[in-house]
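Here are a few exercises to work through with the structure open beside you. Try each task before reading its solution.

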Amino acid sequence: MFSTATLTHDSDNCSRHPNVTSVARCCFTLRAGSVLEQLYNRPGESYTDYVATRWYRAPELLVGDTLYSTPVDVWAIGCVFAELLSSEALWPGKSDLDQLYLIRKTLGDLLPRHMTIFSQNTFFQGMELPEPTSLEPLEKKIPQRYANNDLVLDFLKKCLDKDPLARATCEQLLRHAIFENFLYAVPRTDHDDFEKARRAQTQSSPMLPQLIISERTQPRKKSDLDGRAHLPTI
């Protein structure tokens, strides 16, 4: 998943839809989602402020910032990782406003820049971001056995930094200590088995087919040809 995102980001591409999410769901066999649908967008360009799959949108997307870049994919990956740990969405917002509220309830106030964009966004005209009555830190959003794991918690916090400029890159996360001694074997498929059997059969067979000589292919005797001497030669 991170390798895929890194290759995409190295090409100066980012997902208009935080669709590394679907790459993650594919890799971890979660339910299907749409993924990396539109690439070839250059970081720093002005994009649409609508991004699919609300639960995995970064704060800069939710407030309507059109200058987002590759960190939105890292945020989506962090949300999926947390979902893998707890088997439920980290912030299942019912609206964009509710999504911002849930994020704020866990991570605290949004960046001043994001609050400014929020206040100037006509979509939120006449709306105010609710103040959380209580905080629910990230440690309380995942099972305790993972919350007690410093590596897991550090990894999540690096993915879910509110500031996109401070958020870790995919390349940095690939070098995170959580992946030390991590091995992954690509599952064998029926196609692999078929190709293996086909190669074995090819190696055991002669390179060229043998020429089978039958009576019909034997050279004719001169006496047989003499009987046809009256026929024209074509």
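A nonpolar core is a set of buried Ala, Val, Leu, Ile, Met, Phe, Trp, Tyr and Cys residues joined through side-chain atoms within 4.5 Å. Keep in mind that the model is predicted.

**Exercise 1. Find which residues of the largest nonpolar core touch the most other members, and which helix gives the most to this core.**

Step 1. The largest nonpolar core holds 40 residues, and those touching the most other members are Trp-75, Trp-91, Leu-100, Phe-118, Leu-156 and Leu-160.

Step 2. Now look for the helices behind it: at least two core residues come from each of H3 (59-62), H4, H5 (96-107), H6 (112-120), H8 and H9 (170-174). The top contributor is H4, with ten residues.

Step 3. For background, nonpolar side chains tend to be buried together in soluble globular proteins.

**Exercise 2. Describe how H4 and H8 meet.**

Step 1. Start with the axes: those of H4 (residues 71-86) and H8 (residues 150-159) come within 8 Å, crossing at roughly 145°.

Step 2. Next, list the residues in contact. H4 brings Val-74, Trp-75, Gly-78, Phe-81, Ala-82 and Leu-85, while H8 brings Val-152, Phe-155, Leu-156 and Cys-159.

Step 3. Sort them by character: nine are nonpolar, one is polar and none is charged. Gly counts as polar in this sorting.

**Exercise 3. List what Trp-75 is in contact with beyond its neighbours within four places in sequence.**

Step 1. Among its partners are Tyr-56, Arg-57, Ala-58 and Pro-59, along with Trp-91.

Step 2. Further along the chain, Trp-75 is also in contact with Ile-103 and Leu-107, and then with Cys-159, Leu-160, Asp-161, Lys-162 and Arg-167.

**Exercise 4. Decide whether Thr-106 is buried or exposed, and find its partners.**

Step 1. Locate Thr-106 in helix H5.

Step 2. Its relative accessible area is 12%. The cut-off for buried is under 20%, so Thr-106 is buried.

Step 3. The side chains of Thr-106 and Trp-91 make a polar contact at 3.0 Å.

Step 4. Leaving aside neighbours within four places in sequence, Thr-106 is in contact with Trp-91, Glu-136, Pro-137, Leu-138 and Lys-141.

**Exercise 5. Step back and summarise the whole protein chain.**

Step 1. Count the elements: there are eleven helices and zero strands.

Step 2. Of the 234 residues, 38% count as buried. The accessible surface comes to about 15200 Å², and carbon and sulfur atoms account for 54% of it.

Step 3. Among contacts with a separation of 6 or more, 66% join residues 24 or more positions apart.

Terms used. Residues numbered from 1 in each chain as written. Predicted model: local features only at pLDDT ≥ 70, side-chain atom pairs only at ≥ 80, totals over all residues. Heavy atoms only, no water. Helix = DSSP H or I, 4+ residues; strand = E, 2+ residues; numbered from the N terminus. Buried < 20%, exposed > 50% of the residue type's maximum accessible area, 1.4 Å probe, protein only. Contact = heavy atoms within 4.5 Å. Areas by Shrake-Rupley, 256 points an atom, 1.4 Å probe, with all protein chains shown as cover. Axes fitted to C-alpha atoms, helices over the stretch in contact; angles between N-to-C directions. Polar contact = N/O pair within 3.5 Å; in protein donor to acceptor, adjacent residues only side chain to side chain.
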